Structures are given as C-alpha cells and as structure tokens.
Amino acid sequence: MAEAAQLSILLVDDHPVVRQGYRRVLESQDGFAVVAEAENAAQAYAAFKTHAPDIVIMDISMQGASGLEAIRNIRARDRSARILVFSMHSEVAVVKAAFSAGAGGFVTKSSEPAALIRAIRAVARGERAISDDVAHSLAADSLDPLQATLDRLGEREIEILRQLAAGLTTDAIAANLHLSVKTVQNYHYLVKAKTGLQTDAQLVRFAAACGLTQL
C-alpha cells in the first residue's frame with residue numbers, strides 16, 4: 001500500500017468518548033479516514049464486512065467477547081486483514097494472545113499519539129509494530145515462571161480463561177464465542193490440564209496474577 005494513499009480505518013472501542021477523541025487525532029493526519037466505528041466484537045465484525053477497511057484499530061477490553069475474539073473472527077474472514085491493537089494493557093499474555101489471534105501490532109494507550117500514528121502506518125504496510133512498553137514487557141517475560149505456564153495456553157484457551165475468571169457461566173461463554181457448551185467444557189478441561197490447576201478458584205487466582213481479569 002502506498003504511503004500517500006487514503007487509509008481507511010475501522011475504530012473499535014466500547015467507550016464513545018474515547019472513540020471520538022481518537023477519531024479527531026486520526027483524522028488530523030493527512031490521508032487518514034475513519035470510515036466506521038464499533039463498540040463490541042459483533043459490531044466490529046459486521047463493520048469490517050461492510051466497509052473492508054485498510055486497517056482496524058482494536059481495543060481488547062469490551063463487554064462480552066473481547067477484542068481477541070473480534071480479531072480472530074475478522075482474520076478468519078480475511079487472512080490479509082491488518083489489525084492494530086490499541087489497549088490500556090501491556091501484559092505479555094494479552095500481547096501474545098493478540099498476535100496469536102492475528103494482530104499485526106500492539107500499542108498501549110499510554111503511548112504518545114505519534115507512536116500510534118507510526119504503528120498504524122507500519123501495520124498498514126504489513127509490518128509488525130509494538131510500543132516501547134510492550135517491547136519491555138516482552139523482553140522481561142522469559143524471567144517469569146508464571147508466564148511460562150501461561151505460554152502453554154492457546155489464544156482460545158486464554159479467552160475462555162478470561163471469561164471464566166470474570167464469573168461467566170459455561171452457557172454464557174458458549175454464547176459469547178459462538179461455541180457449543182461441550183466445546184467450552186473441553187477447553188475448560190484443557191486449561192486446567194495445561195496449567196496444573198484443579199479448581200476454578202485456582203484458575204481465577206491464576207488469571208488475576210496474569211492480568212487477565214482486568215480485561
């Protein structure tokens with residue numbers, strides 16, 4: 001994609017005031033146009049189908065299915081979709097899950113606007129982009145035994161762990177993720193097996209320690 005070409009953007013965040021602020025920042029840039037907004041995973045997928053934007057700027061923390069699920073669904077529809085996560089979280093588990101789901105970049109909301117703009121342009125070119133604080137977290141994670149345990153989980157397992165830790169029932173998780181109850185139960189079993197934890201209370205404490213309950 002040529003740098004000077006008009007870049008169409010889908011902006012996904014569940015706070016209207018936040019979206020409004022970022023829209024102003026983005027549209028102050030030459031060649032940037034926010035063509036659609038969404039406040040949840042289902043709306044993000046529908047907007048992507050309708051507008052086919054050049055890049056999606058995706059928050060992770062949303063009601064119901066998280067941005068991870070939205071990334072997964074969009075990439076399942078279009079493997080060439082370019083998605084930049086823009087989140088308040090920099091936990092390694094979240095970053096790795098986002099990249100596993102198909103994100104091309106990850107920038108935290110504490111970053112300077114210039115860092116966001118650079119990341120958008122990089123991801124739009126097909127490059128990977130991360131903010132400095134995310135790079136620091138990734139560099140340090142090899143020293144953390146808790147992270148080594150979390151690394152055994154796949155992106156879908158992390159999403160189900162997150163929703164379990166948030167207190168959702170198996171039926172609610174199945175509805176959020178468009179899975180059968182039996183499939184969710186199977187993932188639940190796999191999460192316990194891979195982490196070595198035996199009870200849901202232990203899973204909740206583990207998820208909290210990894211920063212997943214804040215999403």
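Leu203 is found in helix H11, and it makes a handy way into this predicted model. From there we can hop over to helix H8, whose eleven residues are buried, eleven of eleven, then look at how H8 crosses H3, and finish with the second largest cavity.

**Leu203 in H11**

- Is Leu203 buried or exposed? Its relative accessibility is 2%, and buried means under 20%, so Leu203 counts as buried.
- Setting aside the neighbours within four places in sequence, Leu203 is in contact with Leu161, His188, Val191, Lys192, Thr195 and Leu197.
- One of those partners, Leu161, is itself on the list of buried H8 residues.
- Leu203 and Arg162 sit 41 residues apart along the chain, yet their C-alpha atoms are separated by 9.4 Å.

**H8 and what surrounds it**

- Helix H8 spans residues 155-165 and is mostly covered, with eleven of its eleven residues buried.
- That buried set mixes side chains: Glu155, Arg156, Glu157, Glu159, Arg162 and Gln163 are in there, along with Ile158, Ile160, Leu161, Leu164 and Ala165.
- Which helices do the buried residues of H8 pack against? They pack against H3, H4 (92-101), H7 (145-150), H9 (170-177), H10 (181-195) and H11 (200-209).
- Just past the helix, H8 is followed by Gly167, which has a positive phi, near 95°.

**H3 against H8**

- Two packed helices are described by the angle between their axes and the distance between the axes.
- For H3 (residues 67-77) and H8, the axes come within 10 Å and cross at roughly 150°.
- H3 passes H8 in a left-handed crossing.
- On the H3 side, the contact is made by Leu68, Glu69 and Arg72, while H8 brings Glu155, Arg156 and Glu159.
- Sorted by class, this contact has five charged residues, one nonpolar and no polar.

**Cavities**

- Rolling a probe the size of a water molecule over the atoms shows where empty space is left.
- How many cavities of 30 Å³ or more does the model have? The count comes to two.
- The second largest cavity holds about 40 Å³ of space.
- Its lining is made up of Leu11, Val12, Asp13, Tyr22, Ile57, Met58, Asp59, Phe86 and Lys109.
- Strand E1 (7-12) and strand E3 (55-58) each supply at least two residues of that lining.
- By class, the lining of the second largest cavity has six nonpolar residues, three charged and no polar.

Terms used. Residues numbered from 1 in each chain as written. Predicted model: local features only at pLDDT ≥ 70, side-chain atom pairs only at ≥ 80, totals over all residues. Heavy atoms only, no water. 1 Å grid on protein atoms, 1.4 Å probe; cavity = no way out; pocket = protein on both sides within 12 Å on 5 of 7 lines; lining within 4 Å. Points joined across faces, edges and corners; volume = space filled by probe spheres on them. Helix = DSSP H or I, 4+ residues; strand = E, 2+ residues; numbered from the N terminus. Nonpolar A, V, L, I, M, F, W, Y, C, P; charged D, E, K, R; others polar. Axes fitted to C-alpha atoms, helices over the stretch in contact; angles between N-to-C directions. Left-handed = near helix turned anticlockwise from the far one by under 90°. Contact = heavy atoms within 4.5 Å. Buried < 20%, exposed > 50% of the residue type's maximum accessible area, 1.4 Å probe, protein only.
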